[in-house]
Amino acid sequence: MLIEKHDATLLVVDIQEKLVPAVLDADGMVARCHWLVAAAVDLGLPVVFSEQYPQGLGGTLPLLLETAPQAAVVEKLHFSCVAGQCLPDGLMSRRQVIVCGMEAHVCVLQTVMELLQAGKQVFVVADAVSSRGELNREYGLQRMRDAGAVLVTREMVLFECLRVSGSALFKQMSKRYLIGDQP
């Protein structure tokens with residue numbers, strides 16, 4: 001199963017101001033998520049940001065919001081976006097959900113598990129998720145994979161959405177996302 005850009009949405013889970021400093025490789029994770037959000041916008045994928053209790057944990061990082069100004073921002077108290085019933089109809093009407101964010105073993109995991117239960121094809125971007133500890137990250141990813149989520153990398157998302165080289169879009173995306181130093 002490949003990602004179909006006409007039927008996929010990018011869900012960015014809880015990359016919030018007060019949470020980010022606590023996770024592993026926070027700067028790298030933010031840079032990789034920023035790359036993914038920017039690529040999704042350039043590819044025409046809808047983007048949704050979730051926020052866990054933003055009154056206490058702050059909002060989504062401004063860098064990400066500025067990159068996808070048309071994105072929906074949803075708030076939740078449940079760890080799962082599905083249980084929180086906050087996901088927009090546009091996301092739920094699409095068959096595939098690409099997920100990145102934090103924490104891999106809590107909000108990302110519970111959201112992914114319930115998206116799978118709802119019949120979605122879920123792709124977890126392994127190089128764009130983090131947790132406070134490596135063991136939690138590792139086992140969160142393993143559990144999601146064992147439940148039926150597909151683990152992918154940012155480049156897999158990009159190439160599957162592009163599907164073909166030689167086009168003007170491929171050349172533009174290649175220059176912007178594949179050449180030079182990448183996070």
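Biologist: Is Cys86 buried or exposed?
Modeller: This is a predicted model, with residues numbered from 1 along each chain as its sequence is written, and here local features need pLDDT of at least 70, side-chain atom pairs count only at pLDDT 80 or more, and totals for chains, interfaces and linings use all residues. Side-chain values use heavy atoms, leaving out hydrogens and water. Buried means under 20% relative accessible area, exposed over 50%, and partly exposed in between (1.4 Å probe, protein chains only). Because the relative accessible area of Cys86 is 13%, this cysteine is buried.

Biologist: How many disulfides does a search of the whole structure find?
Modeller: A disulfide is a covalent bond between the sulfur atoms of two cysteines. Here it is taken as a pair of cysteine sulfur atoms within 2.5 Å. By that criterion, the number of disulfides in the whole structure is zero.

Biologist: Which cysteine has the sulfur nearest to that of Cys33?
Modeller: Cys33 is in no disulfide, and the nearest cysteine sulfur is 4.0 Å away. Cys33 is also buried, because its relative accessible area is 0%. The cysteine you are after is Cys100.

Biologist: And how far away is the nearest cysteine sulfur for Cys86?
Modeller: Cys86 is in no disulfide either. Its nearest cysteine sulfur belongs to Cys81, at a distance of 4.6 Å.

Biologist: In what order do the strands of the sheet run?
Modeller: Helices (H or I, at least four residues) and strands (E, at least two) are DSSP runs numbered from the N terminus, and two strands pair if DSSP finds at least two bridges between them. Six strands make an open sheet with parallel pairing. At the edges are E3 and E6 (150-152), each pairing on one side only. The full order is E3-E2-E1-E4-E5-E6.

Biologist: Which residue of E6 stands opposite Val124?
Modeller: Strand E5 (residues 121-130) pairs with E6 in the parallel sense, over three bridges. Opposite Val124, E6 places Leu151.

Biologist: What angle does the direction of H5 make with that of E4?
Modeller: H5 packs on the sheet, touching E1, E2 (47-52), E3, E4 and E5, where contact means heavy atoms within 4.5 Å. Among the buried residues of H5 are Cys107, Val108 and Leu115. Axes are lines fitted to C-alpha atoms, for helices over the stretch in contact, and angles run from 0 to 180 degrees between N-to-C directions. On that scale, the angle between H5 and E4 is about 165°.

Biologist: Are H1 and H7 roughly parallel or roughly antiparallel to each other?
Modeller: Their axes are 10 Å apart, at an angle of about 5°. Residues meeting there include Trp35 and Leu36 in H1, and Val157 and Leu158 in H7. Angles under 35 degrees count as roughly parallel, over 145 as roughly antiparallel, 65 to 115 as roughly perpendicular and the rest as oblique. H1 and H7 are therefore roughly parallel.

Biologist: Which element gives the most residues to the largest nonpolar core?
Modeller: A nonpolar core is a set of buried Ala, Val, Leu, Ile, Met, Phe, Trp, Tyr and Cys residues joined through side-chain atoms within 4.5 Å. Of the 39 residues in the largest one, Leu10, Val12, Ile15 and Ile98 touch the most other members. Elements giving two or more residues are E1, H1, E2, E4, E5, H7 and H8 (168-177). With eleven residues, the biggest contribution comes from H1.

Biologist: Is His34 buried or partly exposed?
Modeller: His34 lies in helix H1. Beyond residues up to four places away in sequence, His34 touches Leu63, Leu64 and Thr67. Because its relative accessibility is 25%, His34 counts as partly exposed.

Biologist: Which loop residue has a positive phi near 55°?
Modeller: Most residues other than glycine have a negative phi, and most peptide bonds are trans. The residue in question is not a glycine, and its place is in the loop between E1 (8-13) and H1 (26-43). This residue is Asp14.

Biologist: What is the relative accessible area of Gln85?
Modeller: Gln85 lies in the loop between E3 (72-76) and H4 (89-92), and has a positive phi of about 50°. Gln85 is exposed, because its relative accessible area is 74%.

Biologist: What is omega for the cis peptide bond from Met102 to Glu103?
Modeller: Glu103 is in the loop between E4 (96-102) and H5 (107-117). For the cis bond that joins Met102 to Glu103, omega is near -10°.
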